[in-house]
Amino acid sequence: MTSGPAEAGLPARYVRLGVDVGDVRVGLARSDRDGLLATPVGTLERAAAAREVAVCAIEDEARVIMVGLPRTLAGQEGPAAAKARAFSAELVAALEAGGGEAEIRLVDERLTTVTAHQALHTSGRKGRRHRAVVDQVAAVMILQQALDLERSTGRRAGEAFEGTRHHAEPHSPGPGRTDQETDR
């Protein structure tokens with residue numbers, strides 16, 4: 001008899017989304033149902049991004065949305081982190097308005113945009129052309145990091161955003177615990 005993903009200590013089978021929130025654009029990525037690989041979906045205009053991410057989550061039946069939470073190198077939250085939290089609140093409202101539900105998790109995304117720019121430069125893409133895709137590359141990096149952590153620890157990455165439904169999963173951390181807190 002073959003064991004299912006949850007029985008084998010692997011993540012449950014469902015789509016996860018990754019989001020990189022910027023002032024002008026928002027990058028969106030999605031995973032396969034097995035939670036192995038993050039792939040880019042697109043770059044969204046900030047003004048309509050929460051609604052578009054909610055639509056994507058509902059259509060793909062995503063159960064978890066990983067939103068990048070930019071922290072300083074010292075681990076503190078600044079204005080960019082406040083914007084990611086505000087976007088998460090918009091996303092909760094957009095999901096509710098669309099009749100959907102997904103758990104929103106805030107995932108530490110230190111240096112993902114810098115790393116995304118470096119990856120694009122290394123691939124030969126010119127600097128001016130980075131803007132069109134850097135947010136979705138950063139979203140892929142945020143989501144892939146979360147997927148890898150989920151697979152290696154058996155727990156969801158990041159912290160649950162207040163006001164979202166938490167889906168039970170066999171190896172999820174207890175209330176108030178995050179993988180980043182146990183790693184400190």
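User: What share of the contacts in the protein chain with a separation of 6 or more comes from residues 24 or more positions apart?

Analyst: Such residues account for 64% of those contacts; a contact means heavy atoms within 4.5 Å. This is a predicted model, in which local features need pLDDT of at least 70, side-chain atom pairs count only at pLDDT 80 or more, and totals for chains, interfaces and linings use all residues. Residues are numbered from 1 along each chain as its sequence is written, and side-chain values use heavy atoms, with hydrogens and water left out.

User: How many helices and strands does the protein chain have, and in what arrangement do they run?

Analyst: The chain has five helices and six strands. Helices (H or I, at least four residues) and strands (E, at least two) are DSSP runs, numbered from the N terminus. Read from that end, the elements are β-β-β-α-β-α-β-α-α-β-α.

User: What makes β2 and β3 a pair of strands?

Analyst: Two strands pair if DSSP finds at least two bridges between them. β2 and β3 are joined by seven bridges in the antiparallel sense, so the requirement of at least two is met. One residue of this region, Gly-27, stands opposite Thr-43 in β3. The two strands form a hairpin with six residues between them, and Gly-35 in the turn has a positive phi of about 70 degrees.

User: How do you know that β5 and β6 also pair?

Analyst: β5 (residues 103–108) and β6 are connected by two bridges, in the antiparallel sense. The definition asks for at least two, and therefore these strands count as paired. Leu-106 has Glu-159 in β6 as its bridge partner.

User: Why are β3 and β6 said to stand at the edges of the sheet?

Analyst: The six strands form an open sheet in the order β3-β2-β1-β4-β5-β6, with mixed pairing. β3 (38–45) and β6 (159–160) each have a single partner strand, so one side of each lacks a neighbour in the sheet.

User: Which strands do helices α1 and α2 lie across?

Analyst: Helix α1 (residues 46–60) lies across β1 (16–21), β2 (25–31), β3 and β4 (64–69), at about 145 degrees to β3. Helix α2 (residues 79–97) lies across β1, β2, β4, β5 and β6, at about 160 degrees to β4. These angles run from 0 to 180 degrees between N-to-C directions, and the axes are lines fitted to C-alpha atoms, for helices over the stretch in contact.

User: Why is the link between Asp-23 and Lys-83 called a salt bridge?

Analyst: A salt bridge is a side-chain nitrogen of Lys or Arg within 4 Å of a carboxyl oxygen of Asp or Glu. In this pair the N to O distance is 2.8 Å, so the condition is fulfilled. The two residues are 60 residues apart, with Asp-23 in the loop between β1 and β2 and Lys-83 in helix α2. The structure holds 13 salt bridges.

User: Why is Asp-23 called exposed, while Lys-83 is called partly exposed?

Analyst: Exposed means over 50% relative accessible area, buried means under 20%, and partly exposed lies in between (1.4 Å probe, protein chains only). Asp-23 has 57% and is therefore exposed, whereas Lys-83 has 41% and is therefore partly exposed.

User: How do you know that Arg-25 and Asp-135 form a salt bridge, and which of these residues is buried?

Analyst: Their closest N and O atoms are 3.1 Å apart, which satisfies the limit on this distance, so the pair counts as a salt bridge. Arg-25 in strand β2 and Asp-135 in helix α4 (residues 131–153) are 110 residues apart. Asp-135 is buried, at 8% relative accessibility, whereas Arg-25 is partly exposed, at 23%.

User: What separates Arg-151 from Asp-148 in helix α4?

Analyst: These residues are three positions apart in the helix, which means about one helical turn between them. They form a salt bridge whose closest N and O atoms are 2.7 Å apart. Arg-151, at 27%, is partly exposed, and Asp-148, at 34%, is partly exposed.

User: What makes a set of residues a nonpolar core, and how many residues has the largest one?

Analyst: A nonpolar core is a set of buried Ala, Val, Leu, Ile, Met, Phe, Trp, Tyr and Cys residues joined through side-chain atoms within 4.5 Å. The largest has 28 residues, and Leu-17, Phe-87 and Leu-91 are among those with the most contacts inside it. Helix α2 gives the most to this core, with seven residues.
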